[in-house]
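Subject: Structure handover

Hello,

Here is the structure I said I would pass on. Please look through it first; my notes follow below.

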Amino acid sequence: MAYTNFTLETTDGIALITWDMPEKSMNVIDMSVMDELERIIDQVAADDAVTGAIITSGKATFTGGADLTMLEGLLRDFRKAHTGDAEAATRTLFEGSRRLSLIYRKLETCGKPFVAALSGTTMGGGTELALACHARIAAEGDAFKMALPEVKVGLFPGAGGTQRVMRMCDPQQGLQFLLQGKTLDAAKAKAMKLIDATAPADGLVAAARALLSAGVDPVKPWDKKGFRLPGGAIQSPAGFQFWPAATAIYRRETHDNYPGARALLQSVYEGLQLPMDQALTVESRYFAHVLQSPEAAAMIRSLFVSMQELNKGARRPAAQPERRIAKLGVLGAGFMGAGIAYVSARAGIEVVLIDREQAAADKGKAHSDELMTKAIKRGKARAEDKEALLSRITATTDYALLGDCDLVIEAVFEDREVKRAVTEQAEAAMKPGAIYASNTSTLPITSLAEASRRPADFIGIHFFSPVDKMMLVEVIMGKQTGDAALATALDFIRAIKKTPIVVNDSRGFYTSRVVMTYIREGLMMLADGVPAAMIETCGKMAGMPVGPLSLGDEVALDLAWKIVSATRKDMGAAYQAGPLDAILEDMVVKRERFGRKNGKGFYDYQGRDKALWPGIPEVTGQPKPAEDFDVADLKQRLLVMQALETARIFEEGCLSDVREADVGSILGFGFAPFTGGTLSYIDGMGSKAFVALCERFAKAHGDRFAPNALLKEMARTDQRFYQRFPPEKASEAA
Ligand code: NAD
């Protein structure tokens, strides 16, 4: 039988199934893969000449998992059909979404042993396929990665993953692996008993053959009488200790915001008390249910579909030829410059790292040394990788070395005059056509470009700290920035494997501006008498990674005070001082509490530990009792303020693509991921409800909540952002 996505060859009774999808760089599970896999399993099971099978990949990696757009399609069909025969539509969705699970179960119970020979990345549905096999061998070395990351897009592993992991692993480790969606290397996966052995990448199939020849049991332990769960049954003394703690940890970590994570826990808890086939049905029921949740739809759209589109260059001007950045210049080897040099050198780019003094440039390079040493210690890199990476970075004070750089990124002090001087100095050395970028966090690019002799080649490339961890990069278009600069910036960001958003120039651009409103709202709550601990908890319950006061400390309160003072100076008599000014002035000017950077802000810091500063009431007055405040209201205030600011930025034209607003908010400042991002949050409740909420808050808390004209207009017909500004249009315009 011929297959498109697989080849099947039988030698000495062993069928070698090689998964190698044509015209794709990575295998993904789609409808045609499911169809063919099922036929292959039937063929292997029916062929008396075959005693066992090996399933492997013809590509460098096993698979990236299921094609989530397939699930989106299922859901679209369901929604259409649901308006007619709702029951039939639900049944169709259930059957469609459990198809993979049934195919894997067929493989597991077909009577012949299957061994998975796994190389490179093994994700989601691919991991579940491996777990359904009767043994697993993974490639040695750092290339192998295994994960069930479904919770990160609002779902959970629905093709047997929850049931098999928990029947194979220690319950605590298994549950953590499932709930966090974390990636395992080969050693960890083996220690957790999720793989049986490792072999060199080019000897995987031979090792699988040897395993089959030695004998692999085609019946799984859980399909035999007397099977016992690794950590003991749920209804046992051990289970009674484990499960209450597990649910408590779930609530602490998620604040019950993620239906996918909740359903995961439910399906594990219920499924582990049932025989495998019924357990899988339970898992499928929860999966079909979660698939319909608004959270899953929003997360799949932003964190899978949109993110992929942006990564692939949705906003890249198509007419521009692709540009490989062979050599990068970095000006300023401080905190950010050192990080930019590291991520670039890691991607194979030659880096010239410049500072005023050789010692400062060397210090910047030493940052890469430290990060690589850490990576080696954790088994994530080898000594020769470190050497190669460091050999790509030239630390110097000599601007002449910028001569053959394709791109230069400036990360010197946030000071116009310093920036002007380095721009002139760098441009004097740069070759024609090379692009110059500033990493400024606040200064408008158009004004910085005034120092440039070629403003069309001048752009903003704004990294987030820490550079090696943060996945987002905000690209800022100055008034005169040209397409070549944009294309180069996007090609560079793609090379270092980060996600770009492209925004138009304005003070604070997008992310910094919204983050400041979150911090400001936290301060306004303090002024309202809300207890500090309650503000912080409400921030986290709303889905933010940290509370607003904590974030204020991270960003630095003296910086916030500087911004407030500058605005006050700019606006003169028109400025209306509020309670926020008094709090900041007291904290910064009177008490020198600047935030994390000097160990004291709204928190006291001791090493890694921090605790809310007990003296806050000295600044704000005694807080009111917590009972005076409604938790749901406080949570909403924090999210509404950020979403509203985003809508304003959209109206002003600084943001022009809804995908970028959403993806940027989640990756840039951790805006409650379950909402799908700032604009999806508004769309989720509808512009009408959102405007009503803003008006209610404006009445209670002030004009900062007044909805903008765009929102009010949209609210008239309850229009959604994704309807009014369909992403394809933004791409066309770009
Ligand atoms: P930093 O003070 O750690 O580093 C600045 C470096 O620039 C110093 O090493 C300094 O010696 C060097 N420098 C100053 N003048 C120079 C010159 N004429 N030639 C060469 N080098 C010179 O500052 P940072 O935190 O890395 O910030 C750098 C830039 O990045 C600023 O524009 C800042 O706004 C922006 N930024 C910072 C963050 C952050 O979280 N720190 C985030 C995003 C953007």
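A residue counts as buried here when its relative accessible area is under 20%, and as exposed when that area is over 50%. The model is a predicted one.

Salt bridges

By this cut-off, both Lys419 and Glu410 are buried. The two form a salt bridge, and their closest N and O atoms are 2.6 Å apart.

A second buried pair is Glu521 and Arg704. Their salt bridge has its closest N and O atoms 2.7 Å apart. This pair links distant parts of the chain, 183 residues apart: Glu521 belongs to helix 20 (residues 511-527), while Arg704 sits in the loop between helix 29 (687-701) and helix 30 (709-716).

Glu38 and Arg99 also form a salt bridge, with 3.3 Å between the closest N and O atoms. Glu38 is in helix 1 (residues 31-46) and Arg99 in helix 4 (residues 99-108), so the bridge ties together parts that are 61 residues apart in sequence. Glu38 counts as partly exposed because its relative accessibility is 23%, and Arg99 counts as partly exposed at 25%.

The structure holds 43 salt bridges. Some share partners, and in this way Arg105, Glu108, Arg164, Lys220, Asp223 and Asp277 are joined into one network.

The eight-stranded sheet

There is an open sheet of eight strands with mixed pairing, in the order 12-11-10-13-14-15-16-17. Strand 12 (393-396) and strand 17 are the edge strands, each pairing on one side only. From one strand to the next, the twist averages 25°.

How do strand 15 and strand 16 run, parallel or antiparallel? They run antiparallel, and four bridges join strand 15 (residues 458-463) to strand 16. Gly460 stands opposite Ile476 of strand 16.

Strand 16 (residues 472-477) and strand 17, by contrast, run parallel and are joined by six bridges. Val473 has Pro500 in strand 17 as its bridge partner. Between these two strands the chain passes through helix 19 (residues 483-495), and this β-α-β crossover is right-handed.

Although strand 17 is an edge strand, five of its six residues (499-504) are buried, so the strand is largely enclosed by the rest of the structure. Helix 27 (residues 658-669) packs on the sheet and touches strand 16 and strand 17. The direction of helix 27 makes about 120° with that of strand 17.

Regards

Conventions:
Residues are numbered from 1 along each chain as its sequence is written. This is a predicted model: local features need pLDDT of at least 70, side-chain atom pairs count only at pLDDT 80 or more; totals for chains, interfaces and linings use all residues. Side-chain values use heavy atoms; hydrogens and water are left out. A salt bridge is a side-chain nitrogen of Lys or Arg within 4 Å of a carboxyl oxygen of Asp or Glu. Buried means under 20% relative accessible area, exposed over 50%, partly exposed in between (1.4 Å probe, protein chains only). Two strands pair if DSSP finds at least two bridges between them. A crossover is right-handed if, with the strands pointing away from the viewer, the path from the first strand over the helix to the second runs clockwise. Axes are lines fitted to C-alpha atoms, for helices over the stretch in contact, and angles run from 0 to 180 degrees between N-to-C directions. Contact means heavy atoms within 4.5 Å.
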